[in-house]
Amino acid sequence: MSDTGGEVQTYTVRLELVDEPGELLGALQPIAEAGGNLLSIYHERGNLTPRGHIPVEVDLSCAPARFETIVESLREAGVNVIQAGSERYDEELVVILVGHLVDTDLSDTLRQVESCADASLTDLSLSAPRGSDDTSSARLRLKTRSGTNGKALDKLREIAADKELQVVEPLTEASQ
Amino acid sequence: MSGARLAVLGAGAVGRSVVELAAEYGHTVTAVADSSSAVVDPDGVDTEAVLDRKADAGVVGDADPADAIEGPYDVLVEATPTTLGDAEPGFSHVKQGLDRDKHVVLANKGPVAERYGELRELEADSEGEIRFEATVGGAIPILSTIEDFGANHITAARGVLNGTANFILSRMAAEGLDYEHVLAEAQDLGVAEADPTFDVEGIDAALKFVILSNVLADGDQEFTLDDAAVDGITDIPGTALDLAAEDGRTIRLIGESTPEGVSVAPRLVPADGPLSVTGTLNIVQLETTHAGRLNISGRGAGGPETATAVLSDVSRLVE
Ligand SMILES: NC(=O)c1ccc[n+]([C@@H]2O[C@H](COP(=O)([O-])OP(=O)(O)OC[C@H]3O[C@@H](n4cnc5c(N)ncnc54)[C@H](OP(=O)(O)O)[C@@H]3O)[C@@H](O)[C@H]2O)c1
């Protein structure tokens, strides 16, 4: 047994900072010290929280057992943590759509997938053969929030059914 | 049961192989019937002569098919065509056998998929027992594996149970050919029938997964084809297989039996995973409660393969 507490996961932490020099650096230090690995920092300068502070979104990875310690050490360091959790688009979903993709407005389909299925498209491959009445195929690689693949697929099915497209779904259990 | 007397209903690919191989398994064929004729002999029919006559004249003997059902036997082997809905004439054949307190071994999927509850009730009122290993995955011992584990120790079954659809998809993926082209090739090779509807529309696979669900539910719930969500492979273009391949995946017609229900659809699976069997091979994965996942694969169809499952069932019957 190791003390890392399981496989490393990614987490998003939302903080609010006073707009003063050195504030951000001060806030990030406890993360590294508590064993977290910084992935990205999104500093929304133009946006202010209701209290007039600057919202900052920090993505980090760490072992699940470490995460609580990191949030605690942030709070101890006087950082205002608004939200902490693994609410991140860190699951992948690959599907193939088959049908009259172009005639049914592929970009509209993709827009619907992103907004309704709460997924972000990371990669698209389209294969449309010779004749225009032939069906074409598209492979969509989507990022979804952890634990929401099932819901995203339900939505995707609805969107596809509306346009008479077929969804070839992945068999997730078998890929382990 | 050893040294059983068999009445074989159906003299197609399966029935003929049962007749041919019965002696090798220590059993005696006392009756054979096809759709229009029958041969009955309490001491055992001359199997070679019967098979020759079927090949030459299209009949198995001079008797009436009903004589075979009413004849002398310990085990009725039901190998007539699979039909949907009322599953006739198979269902009535099974009923007549059980009403006479005889055992019945089925290769015919219809009665087990469409009228499972009634079949079990008839069995409960009879001294006879029913077995149907051959209905799911031909030669692969799927039902006997479930029986060994106990249905309550298996939480789900999934896999590929139609060789024709699997042959078509794996050829399309390997050769970059379209569905129509590969279907024609499969028909030339005798892998697909002239009317391939049952296979390519997923119905045949669905019947097998419905049977699996019935067995796994163990009386708590009954399933029929109507309860299954079924999608076939006829609309899968070559381009979809190409896109899957670029991503290390492929498409297979996958069935699933879970407590929630039965589904059959083309699904994306890892190209090098256990479910991406090629050609006419079949595979079933069983999720067990204490022993992880079991993969069982092999030949899911064919006369001798299916007859092997029928004859193993006969041997498993309790006297
Ligand atoms: N082939 C396989 O690999 C396989 C695998 C698993 C399960 N099965 C199942 O096993 C069964 C038999 O398959 P098969 O491939 O042998 O089918 P098949 O070649 O079509 O043969 C069906 C046989 O049933 C006979 N028959 C039809 N109605 C009858 C009746 N009322 N009474 C007696 N005989 C009757 C037919 O008679 P005629 O010869 O006079 O037409 C024929 O000999 C089917 O239900 C099938 O789904 C087959």
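**Helix pairs in chain B, domains in chain A**

Hi everyone: in this predicted model, helix 8 of chain B crosses helix 9 of chain B in a right-handed sense (clockwise turn of the near helix from the far one by less than a right angle; anticlockwise would be left-handed). Local features here need pLDDT of at least 70 and side-chain atom pairs 80 or more, while totals for chains, interfaces and linings use all residues. Side-chain values use heavy atoms, without hydrogens and water, residues count from 1 along each chain, and chains are lettered from A and ligands numbered from 1, as written.

Helix 8 spans residues 163–175 and helix 9 residues 179–188, at about 125 degrees with axes 9 Å apart. That makes helix 8 of chain B oblique to helix 9 of chain B (not under 35, over 145 or 65 to 115 degrees). Contacts (heavy atoms within 4.5 Å) involve Phe167(B), Ile168(B), Arg171(B) and Met172(B) from helix 8, and from helix 9 Tyr179(B), Val182(B), Leu183(B), Glu185(B) and Ala186(B). By class, 7 are nonpolar, none polar and 2 charged.

Now the other pair: helix 1 (13–21) and helix 13 (303–316) of chain B pack at about 60 degrees, axes 8 Å apart, and this crossing is right-handed too. Val14(B) and Leu21(B) are among the helix 1 residues that meet helix 13, whose residues there include Pro304(B) and Val310(B). That contact has 8 nonpolar, 3 polar and no charged residues.

Over in chain A, the assignment gives domain 1 (9–85) and domain 2 (89–170), with C-alpha centres 34 Å apart. Mean pLDDT (confidence per residue, 0 to 100) is 81 for chain A.

Conventions
Axes are lines fitted to C-alpha atoms, for helices over the stretch in contact, and angles run from 0 to 180 degrees between N-to-C directions. Helices (H or I, at least four residues) and strands (E, at least two) are DSSP runs, numbered from the N terminus. Ala, Val, Leu, Ile, Met, Phe, Trp, Tyr, Cys and Pro count as nonpolar, Asp, Glu, Lys and Arg as charged, and the others, Gly among them, as polar. Domain bounds come from an automatic or database domain assignment. pLDDT is the predictor's confidence in each residue, from 0 to 100.
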